[in-house]
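The following exercises concern a single protein model with a bound ligand. Each task is followed by a solution in steps.

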Amino acid sequence: MEEKIRKKLILEAMEARRQAYAPYSRYQVGAALLAVDGEIVCGCNVENASYGASCCAERAAVFKAVSLGKREFRAIAIVGGLQGKAPEDFAYPCGICRQVLHEFAGKEGLSVIVAKSEAEYREHSLEELIPHGFGGGSIV
Ligand code: THU
């Protein structure tokens, strides 16, 4: 991943995190998804008083992007941490979000960047995070 793009994704994820609606966990997450057309679509976590109705930031970003007609993604940056604090840990995507990302990973794969700041990040391939993932090829 080109450094300039990675930095932009991390900054956009940090910005999206500001919109998080997380009054129950107070854990705020932002995600910035890079589509193969070069556009970036962001999402934040949106919680609900009925906890199970909550949605993670990564899925919010994917569903928003798909609604805009984008179906193939190159990378996602994720930033998460407790409200009012700078991220203290890397916020890895949950299992459900890994599966959702797997559905829409670009032909050349998808990079997952987890960041505490612009300078402190880790980059993984989605394949590393969800090896042997279940895909449409098995059922279509
Ligand atoms: N969360 C995300 O947004 N992404 C993840 O991959 C894991 C968890 C959110 C869901 C919930 O609003 C809060 O973090 C605490 O679990």
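**Exercise 1. Determine which N or O atoms of the protein lie at short range from oxygen atoms of the ligand, and characterise the shell around the ligand.**

Step 1. In this predicted model, a side-chain N or O atom of Glu47 is 2.5 Å from an oxygen atom of the ligand.

Step 2. Backbone atoms are examined next. A polar backbone atom of Ala57 lies 2.9 Å from a ligand oxygen, and a backbone N or O atom of Cys94 is also 2.9 Å from an oxygen atom of the ligand.

Step 3. Of the 370 Å² of accessible area that the ligand has on its own, the protein covers 76%. Two or more residues of the shell come from each of the elements β1 (27–35) and α2 (57–67).

Step 4. The residues around the ligand include Ser25, Tyr27, Val29, Asn45, Cys56, Glu58, Tyr92 and Pro93. Sorted by class, the shell comprises 7 nonpolar, 2 polar and 2 charged residues.

**Exercise 2. Establish how many disulfides the structure contains, and account for the state of Cys44.**

Step 1. A search of the whole structure yields 0 disulfides.

Step 2. The cut-off for a disulfide is a sulfur pair within 2.5 Å. For Cys44, the closest cysteine sulfur is that of Cys55, at 9.1 Å, and is therefore too far away for a bond.

Step 3. Cys55 takes part in no disulfide either: its nearest cysteine sulfur belongs to Cys56, 6.3 Å away.

Step 4. Is each of these residues buried or partly exposed? Cys44 counts as buried because its relative accessibility is 14%, whereas Cys55, at 21%, counts as partly exposed.

**Exercise 3. Identify the buried residues of α2 and the elements that cover them.**

Step 1. The buried residues of α2 are Ala57, Glu58, Arg59, Ala60, Ala61, Val62 and Ala65.

Step 2. Their cover includes β1, β2 (40–44), β3 (73–82) and α3 (95–103).

Step 3. Just after α2, Gly69 adopts a positive phi of about 95°.

**Exercise 4. Describe the surroundings of Lys70, and decide whether Lys70 is buried or exposed.**

Step 1. Lys70 belongs to the loop between α2 and β3.

Step 2. The threshold for a buried residue is under 20% relative accessible area. Lys70 has 11% relative accessibility and therefore counts as buried.

Step 3. When residues up to four places away in sequence are not counted, Lys70 touches Ala35, Asp37, Glu39, Val41 and Ala65.

Step 4. With Asp37, the side chain of Lys70 forms a side-chain polar contact of 2.8 Å.

Key: Residues numbered from 1 in each chain as written. Predicted model: local features only at pLDDT ≥ 70, side-chain atom pairs only at ≥ 80, totals over all residues. Heavy atoms only, no water. Buried < 20%, exposed > 50% of the residue type's maximum accessible area, 1.4 Å probe, protein only. Near = heavy atom within 4 Å. Polar contact = N/O pair within 3.5 Å; in protein donor to acceptor, adjacent residues only side chain to side chain. Areas by Shrake-Rupley, 256 points an atom, 1.4 Å probe, with all protein chains shown as cover. Helix = DSSP H or I, 4+ residues; strand = E, 2+ residues; numbered from the N terminus. Nonpolar A, V, L, I, M, F, W, Y, C, P; charged D, E, K, R; others polar. Contact = heavy atoms within 4.5 Å.
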